[in-house]
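The following exercises concern side-chain contacts and solvent exposure in a protein model. Please work through each task before reading its solution.

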Amino acid sequence: MIILLLSACERDSSDSSQGNENPPESAEKSVVNLKPNQVDLAKITSEVVEKGDLDLDLRLNGEVAFDRNRLTHITSLVAGVVRQVKKTVGDRVETGTVLVVLSSRELASAKSEYLAARERLGLAGKNFERVKSLWKDKIAAEREYLDAQLSLAEAKIAFQTSEQSLYTLGLSPKIVEALPQANRSLLSRYEVQAPFAGTLVEQQVTEGQQVRPDTELFVLTPMETLWVMASVYEDDVAKIKLGQNGTVSVQAYPDREFNGQITWIADAVDKRTRTLQIRLNVPNDMRLLKANMFATVNLVVGRRKGVLAIPPQALQTEAGDTFVFVEMDKGHYERRGVQTGVRSDKSIEIESGLAEGDRVVTKGAFILKSELEKDSFGGDD
């Protein structure tokens, strides 16, 4: 398209030169004239230069990370053999979802002890009531009554101890209460459950594996909020503060920004890089951000009011010169050198070279620049 357009521009330049055999050299190199159809073909657009407020940005390099406060390493509370792995890495799970099923002798022994202690407590209770009745009727001796009372107390302690052992192994009160009616063949069955809703991001367990209470099975974390760790150069430390809002961008989604907030600022500067670590909490409801992605953090650290500014895409450079194209009227564009000031992602301050009300080309400036470059190398010959 550019080649066709420039060819058409060349023909226009040749035709116009017939009426002006010796045009000024500066005009040839600073003005581009296009026909209406050429403007439409190049999709050239322009905007009026206006004064307004310009945000001062601080751009930082960062990296996406899991929320370490919610990064949970899931282990089994009992030793056993893995019989089933019901979930795998990448699965989203809810609170109470069964992840792994074990066969555990330790658990079977603890459950058996609980059931035996429950039976002994029942028998001790019945015996105490019988002896108590006989003692009241002066049939049983006081010593026999006191022995029955002691046996009941010991049975209660043994029962409570065995019950607490099951709770310590991760069984819920509902499961413990149902044990007397449970199938005795399932006494060794142990289920490892998800402690909260989230995503399994790591897996170290396989079926048939022997596990101990310190064996890591999964790593679970919620993905709805992630961290972005960024580095601040020492000179810029005074510009940041807790609670400050910022935006995060990643290469995977160049046209999208993610909002975040600074929730932590390190208390020491890294001796090697001379930078200070900060952390932003970033909502990730759509799960687009992934841990270990490189990120760019943009913080608004100030504001310039009443400045003349243009969009970044309007600015062109060549051999160290900075310039824009000003639309004089439809199809006529003048290259104009400018001096720039502060910059942000969305605006660049213009200190000189433009006036309020000028129209600068914001789309298609590259085509105009290419035409001028062609002319400067003798493209009309």
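Three exercises with worked solutions follow.

The model is predicted: local features need pLDDT of at least 70, side-chain atom pairs count only at pLDDT 80 or more, and totals for chains, interfaces and linings use all residues. Residues are numbered from 1 along each chain as its sequence is written, and side-chain values use heavy atoms, with hydrogens and water left out.

**Exercise 1.** Determine where Ser46 is placed, whether Ser46 is buried or exposed, and which residues Ser46 touches.

Step 1. Ser46 belongs to strand E2, residues 45-48; strands (E, at least two residues) and helices (H or I, at least four) are DSSP runs numbered from the N terminus.

Step 2. The relative accessible area of Ser46 is 17%, so Ser46 is buried. Buried means under 20% relative accessible area, exposed over 50%, and partly exposed in between (1.4 Å probe, protein chains only).

Step 3. Leaving aside residues up to four places away in sequence, Ser46 touches Glu327, Arg359, Val360, Val361 and Thr362; contact means heavy atoms within 4.5 Å.

Step 4. With Glu327, the side chain of Ser46 also makes a polar contact of 3.1 Å. Such a contact is a pair of N or O atoms within 3.5 Å; within protein, one must be able to donate a hydrogen and the other to accept it, and residues adjacent in sequence count only if both atoms are side-chain atoms.

**Exercise 2.** Establish which strands the salt bridge between Glu327 and Arg359 ties together.

Step 1. The N to O distance between these side chains is 3.3 Å; a salt bridge is a side-chain nitrogen of Lys or Arg within 4 Å of a carboxyl oxygen of Asp or Glu.

Step 2. Glu327 lies in strand E18 (residues 321-329) and Arg359 in strand E22 (residues 359-363), so the pair links parts 32 residues apart in sequence.

Step 3. Glu327 is buried at 16% relative accessibility, whereas Arg359 is partly exposed at 33%.

Step 4. Glu334, Arg336 and Asp358 are joined into one network by salt bridges that share partners. The whole structure holds 13 salt bridges.

**Exercise 3.** Describe the location of Gln251, its exposure and its separation from Met293.

Step 1. Gln251 is in the loop between strand E13 (245-250) and strand E14 (258-265).

Step 2. Its relative accessible area of 75% makes Gln251 exposed.

Step 3. Gln251 and Met293 are 42 residues apart in sequence, with a C-alpha to C-alpha distance of 8.5 Å.
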